[in-house]
Amino acid sequence: LRPDLTIIIDVPFEVGLERAGKRGALDRFEKESVDFFSRVRASYLSQAVSDAARFRVVDANNELFVVLSELTDIISDIINKG
């Protein structure tokens with residue numbers, strides 16, 4: 001199966017790990033190497049570039065209200081097309 005749309009909520013891994021650390025103890029996945037996170041992020045962003053019709057990338061470095069607004073717009077577009 002292949003989804004019609006994939007939303008990537010993107011943030012540099014350093015920021016993501018910092019945010020995760022503020023929630024409490026890191027889990028097994030969050031303790032992976034910096035190289036692992038770099039490769040995973042690069043892979044997702046590469047897919048988004050090569051299949052732009054199916055991917056939307058939301059910059060999670062923005063303020064929360066901006067991220068929520070972008071997500072709301074993307075979801076509204078999906079609902080209105082259906």
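Start by selecting R41: with a relative accessible area of 28%, R41 is partly exposed (buried means under 20% relative accessible area, exposed over 50%, partly exposed in between, using a 1.4 Å probe and protein chains only). Before clicking on, note that this is a predicted model, where local features need pLDDT of at least 70, side-chain atom pairs count only at pLDDT 80 or more, and totals for chains, interfaces and linings use all residues. Residues are numbered from 1 along each chain as its sequence is written, and side-chain values use heavy atoms, with hydrogens and water left out.

Now add D10, which forms a salt bridge with R41, the closest N and O atoms being 2.7 Å apart (a salt bridge is a side-chain nitrogen of Lys or Arg within 4 Å of a carboxyl oxygen of Asp or Glu). The pair links distant parts of the chain, with R41 in helix 2 and D10 in strand 1, 31 residues apart. Helices (H or I, at least four residues) and strands (E, at least two) are DSSP runs, numbered from the N terminus. D10 counts as buried, at 12% relative accessibility.

Next, pick R2 and D51. Their side chains meet in a salt bridge, 2.3 Å from N to O. R2 sits in the segment before strand 1 and D51 in the loop between helix 2 (34-50) and strand 2 (55-59), so the pair ties together parts that are 49 residues apart in sequence. R2 is exposed at 58% relative accessible area, while D51 counts as buried at 18%.

For a pair within one helix, go to E18 and K22, whose closest N and O atoms are 3.6 Å apart in a salt bridge. They are 4 residues apart in helix 1 (residues 13-23), so about one helical turn separates them. K22 is exposed, with a relative accessible area of 67%. Then bring R54 into view: salt bridges that share partners join R2, D51 and R54 into one network. The structure holds 5 salt bridges.

Time for something greasier: select I7, I9, I75, I78 and I79, which make a nonpolar surface patch of about 440 Å². Strand 1 (6-10) and helix 3 (64-81) are the elements giving two or more residues to this patch, and helix 3 gives the most, with 3 residues. I7, in strand 1, is partly exposed at 31% relative accessibility.

Finally, zoom out and colour by secondary structure. The protein chain has 3 helices and 2 strands, in the order β-α-α-β-α along the sequence. The C-alpha trace spans about 40 × 30 × 20 Å along its principal axes.

Notes
Patches are made of residues with over 30% relative accessible area and no salt bridge: like charges are joined within 9 Å, nonpolar side chains (Val, Leu, Ile, Met, Phe, Trp, Tyr) within 5 Å. Accessible areas come from the Shrake-Rupley method with a 1.4 Å probe; for residues, only the protein chains shown count as cover.
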